[in-house]
Amino acid sequence: MQKNLFTILLGVVLNFAITTLTIAQCIDGDCENGQGIYIYEDHSIYIGKFLSGKANGHGTCYYSTGAKYVGEWLDHESHGTGTYFYENKQTENGSWAFGE
């Protein structure tokens, strides 16, 4: 029950942020060297770990296209194990190397 409530609240907050923000910015946490939430100009959202201002470590990116990647990141590219969820609901599990 608490997880569902958290998911709903997160959705409301992110929806508000997406519709009101026009510039890329950190909306929560430490998006320089820590854990945070960052919204990009194209309205994609990254939630996860940062190092030197880039996605590094484990995180999730909700792309503005409707796709989503959950997994490891290196210098803001999918790198390591992860799962890509396509817009058409197909998924791809695997190891990624510098976004490929």
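The following exercises, each with a worked solution, concern a predicted model.

Residues are numbered from 1 along each chain as its sequence is written. In this predicted model, local features need pLDDT of at least 70 and side-chain atom pairs count only at pLDDT 80 or more, while totals for chains, interfaces and linings use all residues; side-chain values use heavy atoms, with hydrogens and water left out.

**Exercise 1. Determine which elements make up the chain, and in what order.**

Step 1. Helices (H or I, at least four residues) and strands (E, at least two) are taken as DSSP runs, numbered from the N terminus.
Step 2. On this basis the chain has 1 helix and 7 strands.
Step 3. Read from the N terminus, the order is α-β-β-β-β-β-β-β.

**Exercise 2. Identify the disulfide and state the burial of its cysteines.**

Step 1. A disulfide is a pair of cysteine sulfur atoms within 2.5 Å, and the structure holds 1.
Step 2. Cysteine 26 is joined to cysteine 31, with an S to S distance of 2.2 Å.
Step 3. The angle about the S-S bond is 70°, and the link of cysteine 26 and cysteine 31 is right-handed.
Step 4. Burial is read from relative accessible area: buried is under 20%, exposed over 50%, and partly exposed in between (1.4 Å probe, protein chains only).
Step 5. Cysteine 26 has a value of 30% and is therefore partly exposed; cysteine 31, at 10%, is buried.

**Exercise 3. List the residues of the largest nonpolar core and the strands that supply at least two of them.**

Step 1. A nonpolar core is a set of buried Ala, Val, Leu, Ile, Met, Phe, Trp, Tyr and Cys residues joined through side-chain atoms within 4.5 Å.
Step 2. The largest such core has 10 residues: Cys31, Tyr46, Phe50, Ala55, Cys61, Ala67, Tyr69, Trp73, Tyr84 and Trp96.
Step 3. At least two core residues come from each of strand S3 (45–51), strand S4 (54–62) and strand S5 (68–74).

**Exercise 4. Classify the ring pair of tyrosine 69 and tryptophan 96.**

Step 1. Rings of Phe, Tyr and Trp (its six-membered ring) pair if their centres lie within 6.5 Å; planes under 30 degrees apart are stacked, over 60 edge-to-face, and the rest tilted.
Step 2. The whole structure contains 8 aromatic pairs.
Step 3. For tyrosine 69 and tryptophan 96 the centres are 5.8 Å apart and the planes stand at 90°, so the pair is edge-to-face.
Step 4. Because tyrosine 69 lies in strand S5 and tryptophan 96 in strand S7 (residues 91–96), the pair ties together parts 27 residues apart in sequence.
Step 5. Both tyrosine 69 and tryptophan 96 are buried.
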